[in-house]
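This report describes the architecture of one protein chain, moving from a single residue to the sheet, the core and selected polar side chains.

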Amino acid sequence: MKKLVIFIFSILMLTLTASALNVTLVKPNNGAIYTNPAFIDFSCTPIGNNIRFLQLFTNLNGTWKLTKEVSGQPYLTSNQQYNYQLLDANYHFISGVYKWNCNAVSDSEGVAFAPQDRTFE
C-alpha cells in the first residue's frame with residue numbers, strides 16, 4: 001500500500017511540474033485586412049522552459065518559410081509577447097490572402113507551433 005501511495009504521489013508531482021511548450025498568436029487578428037500597408041506588425045507569446053528561439057513563419061511568396069526570428073541570451077522569457085515588423089519595402093505586399101504562424105524552439109521541450117495558422121490580406 002505504501003508503494004502505491006508513493007507511486008501515485010510521484011505521478012501527481014510529475015503532472016504538476018510538467019510544462020508543455022506552446023505558442024499564442026497575438027496579432028494581427030485572424031482575417032485582418034490591410035490596404036497598401038507600409039508595414040505589418042506580428043506578435044507571438046511563447047510559454048515554456050528554456051526557449052531558445054521564437055520564429056515567425058509566413059507564406060508571403062506562396063510557400064511557407066522562416067521570415068523572422070528572435071533568439072534568447074541564452075533563453076527568451078516565457079509568457080512574454082515578442083514583436084516582429086515586416087516592411088513593405090522588403091516584402092512587397094500584393095493583394096492576396098497570406099498565412100502566418102509562430103514556432104517556439106526549446107532546449108528542453110522541443111518545438112511547438114501555435115495550434116492554428118492565422119491569415120491576413
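## Surroundings of Cys102

With neighbours up to four places away in sequence set aside, Cys102 makes contact with Val23, Leu25, Cys44, Leu54, Gln55, Leu56, Tyr84, Ala112, Phe113 and Ala114. The model is a predicted one, and the values reported here are computed from it. Among the contacts of Cys102 is Cys44, and these two cysteines form a disulfide with their sulfur atoms 1.7 Å apart. The bond connects distant parts of the chain, since Cys44 belongs to strand E2 whereas Cys102 belongs to strand E6 (residues 98-106), and 58 residues separate them.

The link between Cys44 and Cys102 is right-handed, with 40° about the S-S bond. Cys44 and Cys102 are both buried. The count of disulfides in the model comes to one.

## Overall organisation

The protein chain contains two helices and eight strands. Along the sequence, these elements follow the pattern α-β-β-β-β-β-α-β-β-β. Of the 121 residues in the protein chain, 33% are buried.

Contacts between residues at least 6 apart in sequence give a further view of the chain: 64% of them join residues at least 24 apart.

## The three-stranded sheet

Strands E1, E2 and E5 form an open sheet in the order E1-E2-E5, and their pairing is antiparallel. Its edges are strand E1 (22-27) and strand E5 (82-87), each of which pairs on one side only. On average, neighbouring strands of this sheet are turned by 25° against each other, direction ignored. In general, strands of a sheet pair through backbone hydrogen bonds, in either a parallel or an antiparallel manner.

E1 and E2 are joined in the antiparallel sense over five bridges. Strand E2 (residues 39-47) also pairs with E5, again in the antiparallel sense, over six bridges. The disulfide residue Cys44 can be placed within both pairings: Leu25 stands opposite Cys44 in E2, and Cys44 stands opposite Tyr82 in E5. For Ser43, the bridge partner in E5 is Asn83.

## The nonpolar core

The largest nonpolar core comprises 23 residues, and those with the most contacts inside it are Phe42, Cys44, Leu54, Trp100, Cys102 and Phe120. At least two residues of this core come from each of E1, E2, strand E3 (51-58), E5 and E6. E6 gives the most, with four residues.

Both partners of the disulfide are therefore listed among the core residues with the most contacts, and both are buried, as the cut-off of under 20% relative accessible area requires. Leu54, another residue on that list, is also one of the contacts of Cys102.

## Asn103, beside the disulfide

Is Asn103 buried or exposed? Asn103, which is found in strand E6, has a relative accessible area of 4% and is therefore buried, the limit being under 20%. Beyond four places in sequence, Asn103 touches Val23, Phe53, Leu54, Gln55, Phe57, Val111, Ala112 and Phe113. Of these, Gln55 also has a polar contact of 2.7 Å with Asn103, formed between the two side chains.

The C-alpha atoms of Asn103 and Cys44 are separated by 8.9 Å, although the two residues are 59 apart along the chain. Several residues touched by Asn103, including Val23, Leu54 and Gln55, are also in contact with Cys102.

## Two further asparagines

Asn59 is located in the loop between E3 and strand E4 (65-71). Its relative accessible area is 14%, so Asn59 counts as buried. The side chain of Asn59 reaches the backbone nitrogen of Lys99 at 2.6 Å. Apart from neighbours within four places in sequence, Asn59 is in contact with Trp64, Tyr98 and Lys99.

Asn90 lies in helix H2 (residues 88-91). At 55% relative accessibility, Asn90 is exposed, because the threshold for that class is over 50%. The C-alpha atoms of Asn90 and Ala38 are separated by 10.0 Å, with their positions 52 residues apart along the chain.

Technical notes:
Residues numbered from 1 in each chain as written. Predicted model: local features only at pLDDT ≥ 70, side-chain atom pairs only at ≥ 80, totals over all residues. Heavy atoms only, no water. Pairing = 2+ DSSP bridges. Axes fitted to C-alpha atoms, helices over the stretch in contact; angles between N-to-C directions. Disulfide = S-S within 2.5 Å. Buried < 20%, exposed > 50% of the residue type's maximum accessible area, 1.4 Å probe, protein only. Contact = heavy atoms within 4.5 Å. Polar contact = N/O pair within 3.5 Å; in protein donor to acceptor, adjacent residues only side chain to side chain. Core = buried A, V, L, I, M, F, W, Y, C linked by side-chain atoms within 4.5 Å.
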